[in-house]
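User: I'd like to go through this model and ask why each term is used. Please set every value beside its definition as we go.

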Amino acid sequence: MAWAKQTPYAATTGRADRVAQRARHDGWKKPPRRIEASECITCDLCLRNCPPEFGAIFDRGLDVVIVPELCSGCPVCVMVCPVDCIYVDEDWSETDPQMWNHIELTTEDPP
Amino acid sequence: MTLPIQRDAGASRRATLAKARQSRRPSRLGTPAGTADKPDYLVPADAGFPGLLRRAWDLATAAPDLPAAVDELLTLGGHVPAGVQLRALRITDECALKVLCARSWRPDPPEGHQAGDLAEPPVFRGAIGLTTSGRIVVQVPSRGPLPGEEDLVGGVLRVPWPAAVLADYQAELTRMAARYAGTVADCRAWLAAEGPDAVQDMLDNLKEAALRTAPFVLYQEDRQYTNFRDLNTLTGKTLWPGHPDCALSGLEGVPVGLWSDSDAVLVVCLTLLVRSAGFARIEEANGTQLTVEHVAHLLEATRLKYNGVPGTQIPPAASTRVAALAVLAGALGRRRRELAGSVQLYREIHGPLMHKIERIAGPAGEAASRRETDLSARLRDRLPVSGATLGEIGAKIATAPEWLAQPHGEFGTGLESLVYETVRAAVEVFDCDFAMSRGMRSLTALTRALRAEDWQEIVTWDLPHYYCCVVPDPRARRHFEDSPSHLADTAWSMSARMQYNSWHFIAGNLPRTPEVAARDFFVPPTIPDVAYYSDQHHHGHVAAKVRFSIRSPQAVEILGRTFNGFVDLRLLRCAGRPFDEQDLLAAHRASGFVAAMTGLAAELAADGAELEVTAFDPQWHWSTIAS
């Protein structure tokens with residue numbers, strides 16, 4: 001979602017570090033969340049409202065996806081979702097390298 | 001933090017957060033959001049397009065001969081026009097199908113071209129397959145086995161090539177390759193003549209087209225250009241402007257001489273399409289190859305359609321050179337603007353391939369008139385209105401519109417009541433499974449912001465600032481496990497998605513200030529469309545079983561500013577027969593009525609009335625559908 005991606009992410013090093021290491025913060029106690037594609041209406045409300053310090057939600061082809069390594073499990077996306085299609089993801093799996101290549105661009109300064 | 005979960009800016013932060021914590025899925029109202037153990041409505045992984053492809057492949061493998069098998073694949077089992085799939089073929093594959101089974105989209109094959117006699121002893125054993133993007137691919141001489149090169153839906157159909165067929169293929173390929181090479185050289189020459197500044201303008205315009213109009217799915221031989229499913233290669237929701245994986249962004253600053261042939265052809269062809277009608281013309285090439293010859297074919301077909309309307313007659317392109325096609329494209333663009341005021345343009349959409357075809361509607365006939373008469377009768381029965389037609393009813397309301405801003409029946413305003421009754425009547429009159437209409441909740445807030453020219457405020461309004469009234473036929477439960485809860489949840493999902501559409505379109509009607517330009521938005525629609533098999537399209541359409549539909553957007557003028565696509569009426573059937581042109585014309589009359597009444601309501605708001613649509617939230621959809 002272009003508009004959101006043009007919005008600079010929080011200037012904290014935390015997110016950039018997580019992207020660089022491709023790993024979740026050790027201190028996060030809550031599991032990440034996931035979007036159920038069967039129920040999602042791809043309205044991007046979650047993406048637009050994911051706090052910049054996390055920047056965990058992306059459009060990917062037909063889907064809107066939460067990158068578990070960047071998701072602290074905070075409730076903001078759940079609170080804005082109009083159809084309640086976001087679930088706790090206890091059994092999350094690692095994000096693929098192709099997606100990381102895409103995400104890494106969001107840690108660069110905008111041109 | 002202000003969460004966009006309700007429009008009421010006067011609510012306390014505590015109340016806002018308390019409401020935000022509650023699920024807005026109708027069947028989960030009263031429970032905390034995000035706490036359900038598991039989804040309620042999983043759909044199979046191969047539902048929709050993947051399943052359609054598998055079924056088409058099964059039909060092909062069961063076909064009695066090669067031409068019959070190819071026909072199943074070309075139409076995806078009867079779900080798309082064969083001509084679209086024929087125009088999706090790579091050069092080698094196009095040549096192969098022409099000599100193997102006399103299938104071609106081109107008007108120039110020799111009359112009575114015969115397929116080769118495949119009963120002769122083979123000298124080469126090729127194959128045919130179907131890719132997961134829906135295209136037919138052919139293993140021809142010089143190409144390796146398909147399974148190693150393509151992502152196939154199933155296996156392959158073996159195809160024996162006798163010597164005579166091979167000879168025909170070689171001759172055809174030589175001819176086609178020479179033609180293609182000629183068009184590539186022509187594109188490069190044309191770009192060079194246009195100069196670097198003009199080329200940069202083209203790239204800027206095309207990136208804007210990709211960003212503001214979706215979806216695009218186009219081919220150049222094996223390359224797929226898309227901002228939709230599969231790996232995205234164009235700017236859109238996935239690839240933001242400037243993303244290095246966008247084929248267009250990747251050309252910026254690179255001399256044309258370093259562009260690939262396909263890049264040069266891509267930019268030229270997209271530019272020709274845009275010049276002929278605006279960004280939306282590109283979607284008429286969806287699912288096809290994007291070559292100069294393909295574009296020439298589309299432009300010529302459009303010319304013939306436009307020339308069917310009395311008035312300005314557009315001459316054919318002087319040649320198939322890019323310069324001549326550019327002249328034709330410009331003429332088509334000008335003629336289209338003329339036609340828009342005198343005939344009803346609409347688009348026919350073939351959902352599985354997102355392929356769109358511009359049509360010119362014939363006159364409204366008996367069927368359309370009967371639907372309008374029936375709809376008007378229902379409105380007279382249920383609203384304080386009179387008149388035999390929607391035009392008469394609207395004119396009568398315009399003489400005393402105040403009730404639109406006052407409570408009416410169970411609704412806070414007459415406008416809500418009118419929208420609901422129009423949608424309810426549409427379900428009955430058009431024999432739909434669902435009908436719906438969307439708009440902005442507070443016309444008062446909008447007129448206030450417009451007067452202040454507060455574009456920033458308008459573009460920050462999110463989904464809760466919009467409504468969509470969705471009314472199902474109660475019998476539509478049969479498509480959703482006979483569950484009223486599932487029906488209500490589906491209706492609300494549609495409503496929320498339509499709120500998103502309103503959100504997406506509003507900014508396209510505002511001045512391009514920096515805050516507007518930075519906001520994600522699509523070009524608002526101006527013509528209606530009728531869609532076939534859209535339930536093969538994407539997850540939302542699969543889940544809601546959006547098989548046959550009509551979308552009828554309408555503009556509303558508010559304080560002198562035209563808001564295209566401000567309201568609409570949508571009709572949906574989950575199964576059964578598709579809608580036709582007469583349905584579309586009648587639906588467009590109905591949406592025009594809603595738009596006119598919304599305009600009257602906006603005038604009341606501009607005059608000081610507090611006018612806000614408060615119905616059509618999850619509770620309303622639950623109460624009216626499942627309770």
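Analyst: Let's begin with the surface: chain B has an accessible surface of about 24,100 Å², with 53% of it belonging to carbon and sulfur atoms. Such areas come from the Shrake-Rupley method with a 1.4 Å probe, and for residues only the protein chains shown count as cover. This is a predicted model, in which local features need pLDDT of at least 70 and side-chain atom pairs count only at pLDDT 80 or more, while totals for chains, interfaces and linings use all residues. Residues are numbered from 1 along each chain as its sequence is written, chains are lettered from A and ligands numbered from 1 in the order in which they are written, and side-chain values use heavy atoms, with hydrogens and water left out.

User: What does chain A expose, and how much of that do carbon and sulfur atoms supply?

Analyst: Chain A exposes about 4,800 Å², and carbon and sulfur atoms supply 51% of it.

User: How many helices and strands are there in chain B, and why is it called as compact as a globular protein of that length?

Analyst: Chain B has 21 helices and 12 strands; helices (H or I, at least four residues) and strands (E, at least two) are DSSP runs, numbered from the N terminus. Its radius of gyration is 26 Å and the globule rule gives 25 Å for 627 residues; the two values are close, so chain B is as compact as a globular protein of that length. That radius is taken over C-alpha atoms, and the rule is 2.2 Å times the number of residues to the power 0.38. Along its principal axes, the C-alpha trace of chain B spans about 80 × 55 × 55 Å.

User: What share of each chain counts as buried?

Analyst: For chain B it is 57% of the 627 residues, and for chain A it is 58% of the 111 residues. Buried means under 20% relative accessible area, exposed over 50%, and partly exposed in between (1.4 Å probe, protein chains only).

User: Why is B:Arg438 called buried, and what is it in contact with?

Analyst: B:Arg438 has a relative accessible area of 0%, which is under the cut-off, so it is buried. This residue is found in strand E8 (residues 434-440) of chain B. Leaving aside neighbours within four places in sequence, its contacts (heavy atoms within 4.5 Å) include B:Tyr467, B:Cys468, B:Phe505 and B:Asp568. B:Gln499 is 61 residues from B:Arg438 in sequence, yet their C-alpha atoms are 6.8 Å apart.

User: How do you know whether B:Ser437 is buried or exposed?

Analyst: B:Ser437 has a relative accessible area of 0%, so it counts as buried. It also lies in strand E8 of chain B. Beyond four places in sequence, B:Ser437 is in contact with residues including B:Val419, B:Val423, B:Cys469 and B:Val594.

User: What makes B:His479 buried, and where is it found?

Analyst: The relative accessible area of B:His479 is 15%, under the cut-off, so the residue is buried. It is found in the loop between strand E9 (466-472) and helix H17 (484-506) of chain B. Not counting residues up to four places away in sequence, B:His479 touches B:Asp433, B:Lys545, B:Cys574 and B:Ala575.

User: Why does B:Glu221 count as partly exposed?

Analyst: At 26% relative accessibility, B:Glu221 falls between the two cut-offs, so it counts as partly exposed. B:Glu221 lies in the loop between strand E4 (217-220) and strand E5 (223-226) of chain B. Its phi is near 55 degrees, a positive value in a residue other than glycine. Most residues other than glycine have a negative phi.

User: What is the phi of B:Met354, and is the residue buried or exposed?

Analyst: B:Met354 has a positive phi of about 55 degrees although it is not a glycine. At 2% relative accessible area, B:Met354 is buried. It is found in the loop between strand E6 (345-350) and strand E7 (355-360) of chain B.

User: Which residues of helix H2 of chain A are buried, and how do you know what they line?

Analyst: In H2 (residues 13-21), they are A:Arg15, A:Arg18 and A:Val19. Seen down the axis of H2(A), the buried residues fall within an arc of 100 degrees, so they line one face of the helix. The arc is that of the directions from the helix axis to the C-beta atoms. These buried residues pack against strand E2 (57-60) and helix H5 (97-104) of chain A, while the face turned away carries the exposed residues A:Thr13, A:Ala20 and A:Gln21.
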